[in-house]
There are 2 protein chains.
Amino acid sequence: MNQKYSYASLYKFTSAVFKKIGCSEDDAAIASKVLLSADFRGIDSHGLARLSGYIRLWEIGRVNAKPQIKIVHETPSTAVMDGDRGLGLVVAHHAMELAMQKAENVGTGWVAVKNSNHFGIAGYHAMMALEHDMIGMAMTNASALVAPTFSLERMLGTNPIAVAIPAKSEPAFVADFATTTVANGKLEVAQRKKQNIPQGWAQDKEGNLRTEASVVKDGGALLPLGGDREHGSHKGYALGSIVDIFSAVLSGASYGPWVPPFPAYIPMPQNMPGEGLGHFLGAMRVDAFRPKEEFLSHMDNWIKRFRDAKPIDEKQPVIIPGDPERAMEHIYIKEGISLLEPVVEDLQILAEKLEVEWISDIIV
Amino acid sequence: MNQKYSYASLYKFTSAVFKKIGCSEDDAAIASKVLLSADFRGIDSHGLARLSGYIRLWEIGRVNAKPQIKIVHETPSTAVMDGDRGLGLVVAHHAMELAMQKAENVGTGWVAVKNSNHFGIAGYHAMMALEHDMIGMAMTNASALVAPTFSLERMLGTNPIAVAIPAKSEPAFVADFATTTVANGKLEVAQRKKQNIPQGWAQDKEGNLRTEASVVKDGGALLPLGGDREHGSHKGYALGSIVDIFSAVLSGASYGPWVPPFPAYIPMPQNMPGEGLGHFLGAMRVDAFRPKEEFLSHMDNWIKRFRDAKPIDEKQPVIIPGDPERAMEHIYIKEGISLLEPVVEDLQILAEKLEVEWISDIIV
C-alpha cells in the first residue's frame, strides 16, 4: 500500500535534507521544487526516489553543495555556464534564468552547461518559460544506457528533450520525453511486477531484441525511439545524439559513453573528454516573432483542434502533450502525493543518517 | 532500367524550367540547387520527381515566381518572414541566410516563415550553416497525412527536422528525418514493388494497424515516429507538433489539418487560420559557445568514438547521421544521377509543355 503525503510536508523534509548537506536556503528551495515537481507530475522515477542517490553523490564528492556557478563565455543570445559540480537541479534552474534574461534582451537565449549533475525532469526547466510568455526548451545528456542503431555498445543516455509552449485559455503544450522507446523506469516497473516488456524496448548483450524486463540490467541496452531500423530507430539515435552534442560538445561537458554515471557506486569513466554532465536550455519570447495575443490565441486554436480530432475509440480522445502529467497533478493536489513503499523506506533511512526529521503527517 | 544524367545537365534543365515560369536568374539557381540536392543525396522523392508538381502549383496561382519576400517583424536574434507565396525552395534559402546573419551578430538566429510552399529537403537548408562554422536547423510543416496517437484523423504532415553540425576532419553530422516512422515515399516504393509494409508504419481508415502498402492512399494515415503508444508514438506526435507550432503558429502560416496540400488538384482546406506553409530555420555560431577549434576537435572525437562503437554485426558498423546520403553523393559524382523512368517521362512532358530543351547527354 502506497502512502500519501502533502506537498508541504514533503517540501519541508526535502529542503531540510538539502540544507543539511550545505546548500544555501535558496538553492535548497530550488532543488526541492524541481525534485518534487517530478513526483507531483507522476514521473516517480525522477523525484524523491532519487534523493538518496543525489546525497550519495555528495558523500563521495561528486556533488558540490556550495557551487560557484560561473558564466564561462557569452554573446547576446548565448552562454556557456560552468556548474562547478553543483546539483543539476539548481544549476539548470540558473541556466534557464539566464536564457530567459537573454531572450528578454534579444528575442531568444540559449545556454549550454558543463560540469553539472542530473537536473531532474527536463519539463520543469522548460516550463519556467511559460509564465514569461516564452517557449522553453531543456535537454540533458545522461550516462550511457542506449545502443545506437547497429550498435551492441551503450553509447547514449536516455537524453530527454522538453519543450513548453504557452497558450491563452488552454493549458500549455508541454512535451517532455526520453529519446528512447521508453525510459528505463518502465523496465524497472515491469521487473517489480514480474512482467515481460514489448519487443522493441531493449536488446540483450548480444544485440538481440528481447522481452525480459531484466535485459538492460543484465548488460543489454535500451533502444532509441523507433526501436529497430525498420521502424526508424536511426531517427531516435539522431535525436539522442543531438541532445548529447548540444548539451556537452557545445558546453565542454563529457559526452557519449564518457558521461558520469548517476549511481555513486559505479566508477567514473576513464579519459573523460569534458567536465561532468551537460545540459542545454533555451528560451524564445513569443512576441519576438508575432504579437503575443495573436500567438496565444492561435495556440488555443491549435490545441482545441487537436483535442477535437476524430478519435479511433470514442472512449479515448486525442490528448495534448502535458495532459497526463496535469491529470496527475490534479489528483495529487486533492489527495496528496503517493510514494512507493521502498521509496519511503529509503527516505526514512536517509532522514536517520542525516538527522533530519521525517514526516509525521501521512495523509492516508 | 534507370537512366543516369550529369549534375550539370540536370541543373541546366531545371534552372531553365524555373526561369521559364518567371523566376529571376538568382532564384532559378537557388531553386535548382535545392531541388537537385535531394536527388544527389538519394532522397528521390523530394527532388526532380517533384518539379512538375511545383510547376502545377504555379499554373493554378498558388506559387508566385516573382515573390516580394519581406521581413514582417524582427529582433536581434529572430525574424518572421513573409514568403509572398514564393517557391519554398527559394524562400527558405533566404530565411536561412537571414538566420545566419543574425547568428553572426548576436550568436544565434531564428527565422519563422509564413506564406511559403514546399521547401525541398530540410537537410539542404540546415547544411548551409556548415561552411560558416555554425550549427544549422531547418523544419517545415506539410499537409496532413499523419494521425496523432489515438487519432483516426490526419492532423499533421510528415514535418521533418534537420540538424547539421560541423566537424573538423570528419564529415559533418547531418540528421534529416520525417517525424513519422517512415516517409510516405517508402509506402509508394512498396506499392510499386507490390510488397507489404511492416506493422507500425500506417493505419487504415478505421484506425487499425495494417501491412498493405496502399493503406494511406486508401484513406488511412501514416503514424508518428514510435508507431504505436506502447512504442512511444506520443513522442513522435509531440515532435511533429513542435515542428508544426514553430513553423506555423510562430510565423502566422496555416497549421495542423489546414496546411495547403502539395498536389495542385486537391482543393485548399476551408477556413485556413494562416497563410501558406510555414518553416522554421535556425543557426547557432559554434564559437558563440566555445572556441571554434575546440568545438570542431571534440566533434571529430564524438564522431570517431561513435563510429568505433562495437557493432552487433561486424559487417554493419555503426554509422553517423548523414553517412548514407554522403555515400549516395559519392556514387553520383562518379556515375551521374540516376532517375526513375516515370520521373524522366514526367520531365520530358514538362519540357515539351514549357518549350524547354530536354537533356541530350544521358550518361548511361
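I looked first at the loop of chain A between β3 (78–82) and α4 (88–106), and found R85(A) in it; helices here are DSSP runs of H or I with at least four residues and strands are runs of E with at least two, numbered from the N terminus. I noted that R85(A) has a positive phi of about 60° although it is not a glycine. I reminded myself that most residues other than glycine have a negative phi. I then asked whether R85(A) is buried or exposed, and recorded that R85(A) is partly exposed, with a relative accessible area of 35%; buried means under 20%, exposed over 50% and partly exposed in between, with a 1.4 Å probe and protein chains only.

I turned to chain B, where R85(B) lies in the loop between β3 (78–82) and α4 (88–106). For R85(B) I wrote down a positive phi of about 60°, again in a residue that is not a glycine, and a relative accessibility of 35%, which counts as partly exposed.

I kept in mind that this is a predicted model, in which local features need pLDDT of at least 70 and side-chain atom pairs count only at pLDDT 80 or more, while totals for chains, interfaces and linings use all residues. Residues are numbered from 1 along each chain as its sequence is written, chains are lettered from A and ligands numbered from 1 in the order in which they are written, and side-chain values use heavy atoms, with hydrogens and water left out.

Next I looked up the domains of chain A, whose bounds come from an automatic or database domain assignment: domain 1 (1–66 + 334–364), domain 2 (68–180 + 223–288 + 301–326) and domain 3 (182–222). How many residues does each side give to the contact between domain 1 and domain 2 of chain A? I noted 24 residues from domain 1 and 27 residues from domain 2, where contact means heavy atoms within 4.5 Å.

I recorded about 2400 Å² of area buried between domain 1 and domain 2 of chain A, with carbon and sulfur atoms giving 64%; buried area is the accessible area (1.4 Å probe) that two parts lose on being put together, summed over both. Of the area that domain 1 buries against domain 2 in chain A, R41(A), Y54(A) and R62(A) supply 33%, more than any other three residues.

I found 0 salt bridges between these two domains of chain A, a salt bridge being a side-chain nitrogen of Lys or Arg within 4 Å of a carboxyl oxygen of Asp or Glu.
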